[in-house]
Amino acid sequence: MKKLEQVYEGKAKKVFKTDHPDQYIVEYKDDATAFNGQKKGTILGKGVINNKVTNHLMQMLEEKGIPTHFIQELSDRETLVRKVSIVPIEVIVRNIVAGSLATRLGISEGTPLKRPVLEYSYKNDELGDPMINTYHALAMELASEDELVTINRYALKVNQLLLSYFADRGIELVDFKLEFGRLSDGTVVLADEISPDTCRLWDAKTHEKLDKDRFRRDLGNVEDAYQEILRRVMGD
Ligand code: C5P
């Protein structure tokens, strides 16, 4: 598998073409940003951890019936994935109130939700990823009605599977963000990453934050938290 020219560089990842027309290589960086790029930093070893955690979770989800872009881990920071065009919607699933939901609704962080909440944001850095609903997504033709039905179904199923996977490892899954992509034949698959960058993960006993909020909120021990998640997810 040859790594060819870069096709994309985001805040935390680079994507490269390969000599296979339907396959890309994702490379995870240690760069960290928050608040739509206003806060910048480095979390040492983050790229390696996010690569491994994402791949482990993607394979678990694939086995349980969620189609994903994952093909094969190539190295500590590199993974071969199926080429997709990303649906420009960030799908957020919440089980416990935190972050922007706590601010928006004036509910204390840590309040359990009676049932999962699903939100969409329009993936657009210049606009700061504004929250949208189904009507906006359809009117802006970000996805079709059928695709949104599939995306919602997958997102809620992923939530069930991750809730129980993390619970078995002493972790509360507070909320997380998913992205979906279309294969060349239009099939929708789970793409992007599932990592401490994109999930809020709290220790089930102490409620200690083991995710990117340690970086966002200057709580310290960021690297240790990411290491702890890697250790618990991989089971060693
Ligand atoms: O900021 P907010 O509380 O809306 O974030 C909800 C969840 O989505 C958090 O787990 C956060 O890490 C994730 N998220 C993300 N990328 C974004 C926005 C949110 O991974 N651009």
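## A first look at the ligand shell and strand β12

Welcome to this predicted model. The protein has an average pLDDT of 98, and 100% of its residues score at least 70. For the complex, the predictor reports an ipTM of 0.99 and a pTM of 0.98. Two topics make a good starting point: the surroundings of the ligand, and the pairing of strand β12.

**Around the ligand**

- The ligand has 14 residues around it, and those that come nearest are Gly99, Ser100, Lys177, Thr198 and Arg200.
- Two or more residues of this shell come from each of β9 (89-96), α2 (99-105), β12 (171-182) and β14 (199-203).
- By character, the shell holds six charged, five nonpolar and three polar residues.

**β12 with β9 and β14**

- Strands β9 and β12 are antiparallel and share four bridges; here Val91 has Leu178 of β12 as its bridge partner.
- β12 also runs antiparallel to β14, with five bridges joining them.
- In that pairing, Asp203 of β14 is found opposite Ile171.

**β12 with β8 and β13**

- Strand β8 (residues 85-86) is joined to β12 by two bridges, again in the antiparallel sense.
- Look for Ile86, which faces Gly181 in β12.
- Strand β13 (residues 188-191) is antiparallel to β12 and connects to it through four bridges.
- One of the residues to find here is Phe180, whose bridge partner in β13 is Leu190.
- β12 and β13 form a hairpin with five residues between the strands, and Gly186 in this hairpin has a positive phi near 95°.

Terms used
Residues are numbered from 1 along each chain as its sequence is written. This is a predicted model: local features need pLDDT of at least 70, side-chain atom pairs count only at pLDDT 80 or more; totals for chains, interfaces and linings use all residues. pLDDT is the predictor's confidence in each residue, from 0 to 100. A residue is near a molecule or strand if its C-beta atom, placed from the backbone, lies within 6 Å of it. Ala, Val, Leu, Ile, Met, Phe, Trp, Tyr, Cys and Pro count as nonpolar, Asp, Glu, Lys and Arg as charged, and the others, Gly among them, as polar. Two strands pair if DSSP finds at least two bridges between them.
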